[in-house]
Structures are given as C-alpha cells and as structure tokens.
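Colleague: Please take a close look at one part of this model, the packing of one pair of helices, and set it in its surroundings. I would like the cut-offs behind each term as you go.

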Amino acid sequence: TFRLTPTCPAKAISHTAAATPAGETILIGHVGSLTGSEASFGTSTENGIRLAIEDINKAGGLKALGGARIEALLGDAQSQPQVGASEVEKMNEAGCSAVVGAFASAICLATTQAAAKHGLPHVVDIGVADQIARHEHDLGEPGRAHGSQLLRQRAGQRDRVHAEVAD
C-alpha cells in the first residue's frame, strides 16, 4: 500500500506556497484501478491515501502552505491505460495540484504522459517500466528530470490565475 506522507506529493507541491493562500485546500488526484484486474491494488492504495490525508489534515494540514488542507479527487483507471489517462485529464480540469498513483506500468506510462501535457506533477507509486523514467514529454527531455520545473510552471500558472482574480 502506498502511503501519502508529508514528504511525498505534499513535498512536491510545496513549491506552490507562494500561490496558495493560507488555509486553502490543495486538491490532489489519485488514479487507481478500482475495477478490473488491478482492483485489489487500487483499492488498498486508495485506502492508504484516505488515511494519510486524514492524518495530515488532523495534524494541521501542510505547514509549508500555511496549514492548507489536502483533499483527494479519486479516479478509477479500470485497469486500462487509456482510462487512466482520461482520469488525469479530468483531474487537471478540476484543478488538481498533483497526481499520485496508477500502479501498473502501462497505466503509469499513459497517466504520466497525460499529466505532462498540462505540466501537472505526477508521483508514480509503483510502476517500474523503464519507459516511465525515460519517455519524453513536450519539453524534450525525460519526464522525471522535470519534476521541479513542472512544479515551478504550475505555480506560475496559479500565480497568474490568483492575480487575474484579484484584479
């Protein structure tokens, strides 16, 4: 079971602190296979994420983000890569700050590519296929090398949105 801790996706989104008003809720997407051949893994991962988020929120939220609370948007990849990618698209549209999960390598490959299209950080929980670490995104370099760059871009996008709302 993957357990979301303050040093995993929460750390990944800490770069958005400047764009996150104190007390705001941070939406993190979880792509898991809740149905299909990988359902047992998706269900146990989802349970772990729910428990971890509950623990983090009870402890005062994300301190680096002024106590921001975490909320999960859960998606069912149905043990199919294309469905997982579609779930990431929905998570991006809903305003998720990051995505975790996917478990199976084929699903991870599809979901990391979908996340990269939007500059959305994606923390892979288990997927081990070499292609996940080596595949190239629109940035032209391996995806994992760009985690901090994608976070800075996402933070910049959020800053612009907050500035436009304030005007």
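Modeller: Let me begin away from that pair, with a residue at the surface: K58 is exposed, because its relative accessible area is 65%, where exposed means over 50%, buried under 20% and partly exposed in between, for a 1.4 Å probe and protein chains only. This is a predicted model, in which local features need pLDDT of at least 70 and side-chain atom pairs count only at pLDDT 80 or more, while totals for chains, interfaces and linings use all residues. Residues are numbered from 1 along each chain as its sequence is written, and side-chain values use heavy atoms, with hydrogens and water left out.

K58 belongs to helix α2, which covers residues 39-58; helices (H or I, at least four residues) and strands (E, at least two) are DSSP runs numbered from the N terminus. Between the C-alpha atoms of K58 and R69, which are 11 residues apart along the chain, the separation is 9.0 Å.

As a frame for the rest, the protein has 6 helices and 4 strands, and along the sequence they follow the pattern α-β-α-β-α-β-α-β-α-α. Of its 167 residues, 46% count as buried. Among contacts with a separation of 6 or more, 64% join residues 24 or more positions apart, a contact being heavy atoms within 4.5 Å.

Now to the helix pair itself. Two packed helices are described by the angle between their axes and the distance between the axes. Here the axes of helix α3 (residues 81-94) and helix α4 (residues 105-117) come within 8 Å and cross at roughly 30°; each axis is a line fitted to C-alpha atoms, for helices over the stretch in contact, and the angle runs from 0 to 180 degrees between N-to-C directions. That crossing makes α3 roughly parallel to α4, since angles under 35 degrees count as roughly parallel, over 145 as roughly antiparallel, 65 to 115 as roughly perpendicular and the rest as oblique. The crossing of α3 and α4 is right-handed, which means that the near helix is turned clockwise from the far one by less than a right angle, whereas an anticlockwise turn would be left-handed.

On the α3 side the residues that meet the partner are P81, G84, A85, V88 and E89, and on the α4 side they are A106, I107, A110, T111, A114, A115 and K117. Sorted by class, this contact between α3 and α4 has 8 nonpolar, 2 polar and 2 charged residues, with Ala, Val, Leu, Ile, Met, Phe, Trp, Tyr, Cys and Pro counted as nonpolar, Asp, Glu, Lys and Arg as charged, and the others, Gly among them, as polar.

In soluble globular proteins, nonpolar side chains tend to be buried together. The largest nonpolar core of this model has 17 residues, and those with the most contacts inside it are V31, V88, M91, V99, I107 and L120; such a core is a set of buried Ala, Val, Leu, Ile, Met, Phe, Trp, Tyr and Cys residues joined through side-chain atoms within 4.5 Å. Two or more residues of this core come from each of β1 (25-32), α3 and α4, and α4 gives the largest share, 5 residues. Apart from this core lies another, of 11 residues, among them I53, L62, L65 and I70. Leaving aside residues up to four places away in sequence, V99 touches G29, V31, V88, M91, L120, P121, H122 and V123.

The strands bordering this region also deserve a look. I26, in strand β1, is buried with a relative accessible area of 2%, and I26 and A68 are 6.5 Å apart C-alpha to C-alpha, although 42 residues apart in sequence. V100, in strand β3, counts as buried at 1% relative accessibility.

Finally, the loop between β3 (98-101) and α4 holds A102, and F103 has its place there too. Most residues other than glycine have a negative phi. In A102, however, phi is positive, near 100°, and in F103 phi is also positive, near 60°. A102 is buried, with a relative accessible area of 4%, whereas F103 is partly exposed at 22%.
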